[in-house]
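The following paragraphs lead through a model of two chains, beginning with the place where they meet and ending with the spaces enclosed within the protein. Please keep the display in view while reading.

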Amino acid sequence: MDVRKFAVPEILFGAGSLEYAGLCARRFGAEKVFLVSDTGLEQAGWVGQVLEILKAQDLDWHYFNEITSNPRDFQIVEGARRYLEAGCDVVMAIGGGSPMDAAKGIAMLASSGGRVQDYEGANRIQRPLPPMVFIPSNAGSGADISQFAIITDVERQVKMSIISRTLVPNISVIDPRVLTTKPADLIVSSAIDALSHAIESYVSNIASTLTEIHSLKAVDLIMTWLPCAIEQPGLENLEKLSTASTLAAMAFSNTSLGMDHALAHSLGGKLDIAHGLIHPVLLPPVMRFNMAACPAKMADIGQIVLGKRLDTHEATALAGIEKLEAFFAGLNVSTRLGQIIGDKQSLEKLCRMAARDVCLLTNPRDATVADMLNICKEAW
Amino acid sequence: MPNKPSLEDIVGIGHSKLGFFKELQHKIEELNRSNMELMRQRKHVQAIVDGIADIVAVISTDYRIRSVNHSYYDIYSGDNPAGRHCYAVFRGRNRPCEQCALKDALEANAVRRQSAIVSVNGENRHFEITASPFGQTDGLPGEIIVVKRDVTREKELRAKYYHAEKMATIGLLAAGVAHEINNPLTAIQGFTDGLRRRMEKLAPHIPDETVKADFNEYLAIIRDECRRCSDIVRSLLTFSPRSSAEFSRVALNRVIDNVLRIIQNRLKQQPGLRIDLALDENLPMVNGLPEELTQVILNLVLNAMDAIADQGTITLRTVFTPEKNSVSVEVADTGCGIAPEKRSKLFEPFYTTKPVGKGTGIGLSTCYHIIGAHGGEIAVESTPGAGSVFRVSLPAAEESARES
């Protein structure tokens, strides 16, 4: 499979880009914008600011915030109903992965109808979506760039992956100023999420030069600037993390991810825990497992993490993974799976579910349920 | 998951972000289709409107014509009148008419009708006009549909019918009166003759010559007047319906010859008068009573002579119109003509335009009834000051004999 595709939305990047969000919507012929966000951003004042920007463009809006983190299928159905009822014509989202994924789902159902479950899988959307203008409020999810939407099926207790080029937003407005109001722990978990995107996309079996360059640059930026951003969460440092997150998303949207995310989705669906907190636990053992399939690539990552190369690929890779573990430990986050889930009994079920996850498809090394169970035990 | 995605699915070479281009294409196609359908319907409606034999005009509230149907061009010549004022187009005026169905309809916001005689290309036409407001906005009509039905022919036919009815009634009345008068008249005449015979015996016994002369004169006057009455009565009796059993074949050209012979002497008294003949030598015969037809033509020629004061021409023309299977005799004069208001009464008995004593008003009325009894028609065209044309049309007899 030599032919690759690289697709990203139009991107407005930089402090102040938010001011153009209304203009972007207007350019798509908007008269009434369906704005999706959550209470956190309302309190931080960003929602109010977006509404002012819309007002400045003489745009009407309908505001929707009835979503939780890890958005649920019924919330999407309600959102789509409200979109149609209010007669909106553009979907705008400001927030992290949850509001943005919810906005994608709402746009999808508003144009095509049916249930979210109808579109689970790849390329099942048949009708064009309303134009989407997304403003990411964290430097991690990449939902403003990617062709993925992850929505929880409440009944089956699974995270459904919906993959479609049509889910790529029309415009991503990335304004690092929005990150300045985020608490430090959220900055950290987002950056770890972005790092996991970068690493998994780099070793994905459909990675290409077009994506690899973004992946490696993202790893580099995060390793260098996350400690600085924690120490000094100024605009300059946060902008670096924004760049990293965007680059990682540009890569993984086109390469998909790997086993770390397959397991993370499975855990997230079951436990409803912050996505970013699972990676420090799972990513190192997953990397060790995958190294056998792509030692050179793992060594590339190791080189960036270490800042140098060792004698062999394996040595570089392993040293890199160790450094990474130390890096995570230094971030004051849980590094053992046992700290996150109390019940070891459910592991096997979780691994069986992960084995069916789309992300596993692009993992560089084939993995069985038993393989994953071993990894989980290693991470316990 | 319904069907597990493959790597190819994630690369998604065949899948791009869906745009609205296809939707737009479909929409445009749909619009085109519905546009075609609308056009077809519009044409259909236009064809229906054009198919209406009446003039249909849509007129705005400021008297401007928006559109007309095809029938407009059948009656009015010229270009599309859209944009021009209705009063200018229909009536040749430069401001709205005093009597206006459109204005009435607008004021009442209801259908209004009007009947009007309008001159179109120098010809009087009778229109039944219906004005209906439509295209309501805020309860006020936006436009008026004016339908003009040309009822000229219907009106003519109806007038003819009424006239014929009237004439028949009058004829019946006159014939009845004539009948009743006939008996006393016969008695007066008989006794007058008796008195005259007695006068011959009485005369030697009357010493006074003056009285005798008076008696003789008075008796002569009574007898003459009685004869005159008899003539009138006889004429009136022709008003009553008769059967055509007594008809025979008549050659109208020969009838004209006859008439000319009769008036020979009178012609000599009017040296300025010329008689022109334009006779169709192949004229078919007609069925009728020769004496009566002679009386009709004679009457018309004498009237024509009366109409010409000094100098003038009377043209006698016979024409065969095969399409109508009709034979007609025209008596045209270059005389004084008849005023329009008098034309309608022309054929009524005892209506005369001649000086008192010169005409009884029976002549044309008799002609009318005679021709009516022959299944024909008598019509008049006249221009005051230029002359009149009386045209007698009779059905041609079956294709058996032609005049020779």
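Between them, chain A and chain B bury about 2300 Å², 62% of it on carbon and sulfur atoms; buried area is the accessible area (1.4 Å probe) lost when two parts are put together, summed over both. This is a predicted model, in which local features need pLDDT of at least 70 and side-chain atom pairs pLDDT 80 or more, while totals for chains, interfaces and linings use all residues. Side-chain values use heavy atoms, without hydrogens and water, residues are numbered from 1 along each chain as its sequence is written, and chains are lettered from A in the order written.

Chain A brings 33 residues to the contact and chain B brings 20, contact being heavy atoms within 4.5 Å. On the side of chain A that touches chain B, 15 residues are nonpolar, nine polar and nine charged; Ala, Val, Leu, Ile, Met, Phe, Trp, Tyr, Cys and Pro count as nonpolar, Asp, Glu, Lys and Arg as charged, and the others, Gly among them, as polar. Zero salt bridges are found across this interface, the rule being a side-chain nitrogen of Lys or Arg within 4 Å of a carboxyl oxygen of Asp or Glu.

Attention now turns to enclosed space. There are four cavities of 30 Å³ or more, a cavity being a set of points on a 1 Å grid over the protein atoms alone where a 1.4 Å probe fits but cannot get out, with lining residues having an atom within 4 Å of a point. The largest has a volume of about 190 Å³, volume being the space filled by probe spheres set on the points, which are joined across faces, edges and corners. Its lining comprises 17 residues, with B:Cys86, B:Phe90, B:Arg91, B:Cys100 and B:Leu102 nearest the centre. This lining divides into 13 nonpolar, two polar and two charged residues.

The second largest cavity holds about 70 Å³. Of its 13 lining residues, A:Pro136, A:Asn138, A:Ala139, A:Ile174 and A:Ser245 lie nearest its centre. Here the lining consists of four nonpolar, seven polar and two charged residues.

Note on methods
On a 1 Å grid over the protein atoms alone, a cavity is a set of points where a 1.4 Å probe fits but cannot get out, and a pocket is an open set with protein on both sides within 12 Å along at least five of seven lines; lining residues have an atom within 4 Å of a point.
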